[in-house]
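Hi,

Here's the structure I promised to send over. Have a look first, then read on for my notes on what turned up.

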Amino acid sequence: MDLLIGIDLGGTSIKSALIDREGNIILHRERPSGAKISREAIIQNIGEAISELNHALDNQKDKIIGIGIGTPGVIEDNFILGGAENLAGWEGFNLAEALKSYSDLPIYIENDANLMGLGEATFGIARGMTDVIFLTVGTGIGGAMLLNGKLYSGYRNRGSEIGHFPINSEGRMCNCGMRGCLEAHASTTALITDYLELAEKNGIDISAEDINGKYITEKYFSGEPTALEAFNLHFEYLSRGISGLINVFSPQLIVIGGGISEAGSFYIEEIAKRVDRYALKSCSELTKIERATLGNKAGCLGAAALVLSNL
Ligand SMILES: [Zn+2]
C-alpha cells in the first residue's frame with residue numbers, strides 16, 4: 001500500500017502521521033517542537049519524527065511515497081521566507097533541503113493554514129468542491145482559499161492572510177502591528193478579551209486565568225448577559241468579515257474550524273443568520289457555511305494531501 005507522511009509543525013508540538021491515499025490515519029505521533037530553542041533543534045525534531053514513522057513501516061507491504069509538511073510562515077517553493085515569529089530562526093532557508101539527511105523521499109512544504117484548507121478539500125467537508133474559503137478561529141484567525149479547485153495565496157504565495165483583513169479603523173491593536181484586523185476582534189483570544197472588558201464594566205469580579213472559550217460558552221448557554229454580549233461582538237465581527245469574503249469570492253462553501261467552532265450548532269447558525277443579513281444576496285445565495293470536520297488531524301491530513309497534489 002502507498003503511504004504518505006503528513007507533518008504539522010506548531011509552536012508547541014510536531015504532529016506526524018502515516019496516512020493512506022484515502023486519508024485514513026495508520027499511525028499518529030506527537031512530540032515537542034522545540035520551537036523556542038533554535039532552528040537546528042526544530043529541524044532535528046522534524047527529522048526524528050520522519051525517522052520514527054519510517055521505522056514503524058511494514059516494509060513487506062507498505063511504501064512511503066512522499067512527505068508533506070505544514071509550517072507557520074510564508075513559504076515559496078519549500079523556502080521559508082519568514083512570518084513565523086513563534087519558531088526560533090524560522091526564516092531564510094529551504095526546509096526541504098535541510099531535511100535531506102533524514103529522507104530521500106520527495107518533501108513538500110506549505111503554510112499550515114493553507115494545508116488545513118487543502119485537507120478539508122481532499123478528505124473532509126469540502127471534498128469534491130472547487131471554490132471554498134476556510135477560516136480557523138483560535139488564538140488567531142488563519143485562512144485558506146480554494147479557487148477553481150486550487151489553493152490560492154496570491155502572487156508568489158504572499159497572501160491569503162484572512163485574519164489580517166482590516167475591519168475596524170478604530171479597533172484593537174493586532175499582533176501584526178496594525179489596528180482593527182479581523183483576528184484582533186473575532187479570534188477566541190479577542191472573545192476572551194471582550195468578555196474580560198465587559199465583565200469589568202458590568203462589575204463582575206473574575207480572574208483572567210479562569211477564562212477561556214469553554215467557560216464563556218457555558219456562560220452563554222446559561223444566559224449570562226456578559227457572555228451574550230461578548231459572543232454578540234464575536235459573531236458581529238466574524239460575520240461581517242465572512243460577508244466581505246463572500247461578496248468578493250462567492251464560494252460554494254465557507255468552512256469554519258478551530259476549537260470554538262465545536263461549541264455547538266448555535267455557533268454556525270448564528271454566523272449564517274448574520275451573513276444572510278450582511279452579504280449581498282446575489283453573491284451569497286449559493287454559499288453554505290459549515291463546520292470543519294477533520295479536527296486536530298487537519299494539519300497532518302492536509303500535509304498528506306499536499307504530497308498527493310504534487311505527485
Ligand atoms: Zn493583523
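**Helix α7 and its neighbours**

Let's start at the end of a helix: right after α7 comes S250, and its phi is positive, near 40°. Bear in mind that this is a predicted model.

As for α7 itself, it covers residues 225–249. With 25 residues at 1.5 Å a residue, it should span 36 Å, and its end C-alpha atoms are indeed 36 Å apart, so the two agree.

For orientation, the chain is split into domain 1 (2–112) and domain 2 (125–293). Their C-alpha centres are 29 Å apart.

Now the packing, one partner at a time.

**α6 on α7**

Helix α6 takes in residues 213–221, and its axis sits 8 Å from that of α7, at an angle of about 115°. Angles of 65 to 115 degrees count as roughly perpendicular, so that is what this pair is to each other. The crossing is left-handed. On the α6 side the contact uses I216, K219 and Y220, which meet A227, L228, A230 and F231 of α7. By class, that contact comes out as 6 nonpolar residues, 1 charged and no polar ones.

**α5 on α7**

Helix α5 (residues 188–201) crosses α7 at roughly 140°, and the axes come within 9 Å. That makes α5 oblique to α7, because only angles over 145 would count as roughly antiparallel. This crossing is right-handed. From α5 you'll find L191, D194, Y195, L198 and A199 in the contact, against T226, A227, E229, A230, L233 and H234 from α7. The contact of α5 with α7 breaks down into 7 nonpolar, 2 polar and 2 charged residues. If you're wondering about overlap, A227 and A230 turn up in the α6 contact and in the α5 contact too.

**α8 on α7**

What about helix α8, residues 265–278? Its axis and that of α7 come within 9 Å and cross at roughly 55°, so the two helices are oblique to each other. The crossing of α7 and α8 is right-handed. Here α7 brings F235, E236, L238, S239, R240, I242, S243 and I246, while α8 brings E270, I271, R274, V275 and Y278. Sorted by class, the α7 and α8 contact holds 7 nonpolar, 2 polar and 4 charged residues.

That's what I have for now. Shout if anything is unclear.

Cheers

Notes: Residues numbered from 1 in each chain as written. Predicted model: local features only at pLDDT ≥ 70, side-chain atom pairs only at ≥ 80, totals over all residues. Helix = DSSP H or I, 4+ residues; strand = E, 2+ residues; numbered from the N terminus. Expected span 1.5 Å × (residues − 1). Domains from an automatic or database assignment. Axes fitted to C-alpha atoms, helices over the stretch in contact; angles between N-to-C directions. Parallel < 35°, antiparallel > 145°, perpendicular 65-115°, else oblique. Left-handed = near helix turned anticlockwise from the far one by under 90°. Contact = placed C-beta atoms within 7 Å. Nonpolar A, V, L, I, M, F, W, Y, C, P; charged D, E, K, R; others polar.
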